[in-house]
Amino acid sequence: MPEVFIDGKRFEYEGEQRLLQFILDNGMEIPFFCYHPSMSAPANCRQCMVKIGQPKKDRETGEFELDENGERKIVWFPKLQTACNTMIADGMVVLTQETDELVERAQKDTLEFILANHPLDCPICDQAGECPLQIQTYKYGPEGSRFEVKKVHKPKRVQLGPRVILDAERCINCTRCVRFTDEISKSHQLTIMQRGDKNYPVTAPGREFDDAYSLNTVDICPVGALTSADFRFKARVWEMNQTPSIDISNGKGCNIDLWTRDNLILRITPRYNEAVNDHWMPDIGREAYKLFNENRVQRPAQKLDDEQINSSWNNAFETLAEKIESTDKKEILFIGSPHASVEENYSLMTLANLLGAKTPVFTTNIIEGYGDGFLLDDDQAPNTNGCRLLGLEEKDAKSLKKEVKSAKLIVLLNDNLIDREVLEAGDLNDKFVAVFATNRTETSKVANILIPVTTAAEHAASYVNVDKRIQRTFPAKETKYTDRRLDIEMSEGRLDRYGTSFDNWVTEDNKVDCIPFWNFVSQLGERLGLKIELRNGREILDEISNKIPAFSGVSYEEMDVQSGISLGGKKETVKS
Amino acid sequence: MAYEFTKEDLEQIEKIKAKFPEVKPATLPVLWVAQNRFGHVEPEVQRLVAETLGLPEAHVHGVATFYTQYYKEKMGKYVLDVCTCLSCQLCGGYDILHHIEDKLGIKAGETTEDGMFSVQQVECLGACGYAPMLQVTNGKYVNHLTKEKVDNLIKALKEGKEPDYEQMEMPLRKV
């Protein structure tokens, strides 16, 4: 097998590999800014300098030439090379900043040049705390600068597009954003303007940077030059904590991170998953964070005289139980939801089965022509395939209306059927409607009893995306009834760990009064004298995988290890 | 105002495109075609070039702004690039620049009202041996400038007479 020597250690490798990526993959480090594993390597930041050599071979015998100590003679490149665009070759010898003083010096001096015109904005810069330039200056940079002249001033607060703001002074011209629009989103909207110390990225004159994926440039910007118009100045990075999750605004199921502070989701960023979304996600998915914070249903509510009045949980259980008991089971319609998780739909199915009612139905939420073949799919719901695989009955709008007509009691699991014009409010007149909802919508308004349930940000649950890949979320946000210090699945940020209830930056108000749907079903089952034991997502999924063949072998452990499991559907990888 | 290439221009552009395996490298020469036709490559002209070549507007904008020889705004008929870099500066480059500014009644970076002249202060044009010097509209060099020579040049340009190429002798090195 071909070999390569890095800092005196021998490594074996296979196939064509970029040296920088190989070094990173093997747990070593070289500073870099412009390189990104999913894009081309133009080597224009010059930060990943290393010393490279090849062993000398005798041309006639093909043997390595040895020196007096029996070591291979190395022919060094006359100058330092950038590791990002160097392909590894057999026998290559590489010295990094760990072992070579020249390399260390070169990296330090390159940083001094990069910083020559970089403003000392860090205290007010959004990127501070997650800034490669900041981190690498601490690690590899010079103690001070020898440039005593005034820094070059460039435009600040340039609104490049509706969602992205540019601070040209902070830009180090790595061209990651330009290459992103050229190679990944293919909108070709950005370019580097001017040259020398005057250059910075812009759109063509009179054009907006309205790419559907524009916010990815904010993520990959190695400095604070591109910032999100929405998230700007909202929170420092170190005050938030980061929880892996799944995008619930589209059927693609992009892997994401939810960033929370004091139980508010403040932003959503993509999480790497080669099989689904690579490093990217659409802008529209990032706006979904508002769903978790705003307009939430709190406490159960009951409709009295056409007005929904806040009620107690006990009342909710009693009222619904009485209604179920007093209604002919044939006239109860359970409506599942492609917007709810596999576990929630399964809980609904369990309840329906034990009551002897019909199998729950669901309607898809697909907008033809919405998808773009990349990370946006026609399917607007995160779990359409989950409902199908569970065996819920798929109905179109017309036949659902028919079903609704013949029912007396309707139990609707988190799906905004009226908002998306599958049903009209008039269809539900004279019926008793129990709505389990996360947010207040037109649909929640018609509920005779409205029961708040947890969102994807508050429970661990799994979703099956358009490619039949099952992936799961983690609880990121506490409800009134959970505590992140007691739930080992929840992450703790600095404020969560050290804050007390007497701090003025911690409030109870952001915790929503809701419970997971399966908990409600279990308690309702107890009241109705049914044997339902649904405690948490993990156990429910184990039960599902034992009972339903499509889910066999699926468990949270396995999903975590493989970051999602393909359920027999076609395997698709995002490579543009 | 909408800009359009003439039929001859389009033929020329086709010839330029045929020279390269891809369209991208044709950006530079086609920008020249545009500048020769319109006298500048304003954003609208850049857009025309992008549309003609089928390239992203942003790319054409990036290329046009990279090179100072492309005029990104309307300029005078004659653009006088007066060198004030080191050698010219030592030989009186600034005197020449200020003389031109006074004579035309404009500052460096401006254009006369009649649209005849623009004056720019530029860095080294690589003619240090014949300092001070200036360049007329990205083209001919006028060397060893004196105030009289500048006066004559401006007079001739006003009459539409472009300066001749000057043959410059390098001083022979004595052995």
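This is a short walk through a predicted model with chains A and B.

Let's start with confidence. The predictor gives the complex an ipTM of 0.86. The pTM is 0.90. Chain B has an average pLDDT of 92. In that chain, 98% of the residues score at least 70. Which element of chain B has the lowest mean pLDDT? That is strand β4 of chain B, residues 141-142, at 93. Helix α4 of chain B has the highest, at 96. Remember that helix. We will come back to it.

Now chain A as a whole. How many helices and strands does chain A have? There are 16 helices and 25 strands. Chain A holds 576 residues, and 45% of them are buried. Picture a box along the principal axes. The C-alpha atoms of chain A fill roughly 95 × 60 × 50 Å. Next, contacts. Take those in chain A with a separation of 6 or more. Of these, 66% link residues 24 or more positions apart.

Let's look at two sheets in chain A. Find β7, β8 and β11. These 3 strands make an open sheet, in the order β7-β8-β11. The pairing is antiparallel. Why is one side of β7 and of β11 left without a neighbour in the sheet? Both stand at the edges, β7 at 158-159 and β11 at 226-228, and each has a single partner strand, so one side stays free of a neighbour in the sheet. Strand β8 of chain A covers residues 164-166. β8 pairs with β11 of chain A over 3 bridges, in the antiparallel sense. Want one pair to click on? A:Ile165 stands opposite A:Thr227 in β11 of chain A.

On to the second sheet. This one is also open, with 3 strands in chain A in the order β12-β13-β14. The pairing here is antiparallel. Which strands are at the edges? They are β12, residues 241-246, and β14, residues 264-270, both of chain A. Each of them pairs on one side only. Neighbouring strands in this sheet are turned against each other by 30° on average, with direction ignored. Strand β13 of chain A spans residues 255-261. To β14 of chain A, strand β13 is joined by 6 bridges, and the two run antiparallel. For a pair to find, take A:Trp259, which stands opposite A:Arg267 in β14 of chain A.

Now one residue. A:Leu291 sits in helix α7 of chain A, residues 289-293. Why does A:Leu291 count as partly exposed? It has 17 C-beta neighbours inside 10 Å, so it falls in that class. The buried class needs 20 or more, and the exposed class 12 or fewer. Which residues does A:Leu291 touch, leaving out those up to four places away in sequence? A:Asn439 and A:Thr455. Compare A:Ser40. A:Leu291 and A:Ser40 are 251 residues apart in sequence. In space, their C-alpha atoms are 36 Å apart.

Last stop, chain B and the contact. Chain B is assigned domain 1, at 7-66, and domain 2, at 78-158. The C-alpha centres of these two domains of chain B lie 29 Å apart. How many residues does each chain bring to the contact? Chain B gives 9 and chain A gives 13. Here is that helix again. Helix α4 of chain B, residues 57-66, supplies 7 residues, the largest share of the side of chain B that touches chain A. By type, that side of chain B has 4 nonpolar, 4 polar and 1 charged.

How values were computed. Residues numbered from 1 in each chain as written. Chains lettered and ligands numbered in written order. Predicted model: local features only at pLDDT ≥ 70, side-chain atom pairs only at ≥ 80, totals over all residues. Pairing = 2+ DSSP bridges. Helix = DSSP H or I, 4+ residues; strand = E, 2+ residues; numbered from the N terminus. Contact = placed C-beta atoms within 7 Å. Nonpolar A, V, L, I, M, F, W, Y, C, P; charged D, E, K, R; others polar. Domains from an automatic or database assignment. pLDDT = per-residue confidence, 0-100. Axes fitted to C-alpha atoms, helices over the stretch in contact; angles between N-to-C directions.
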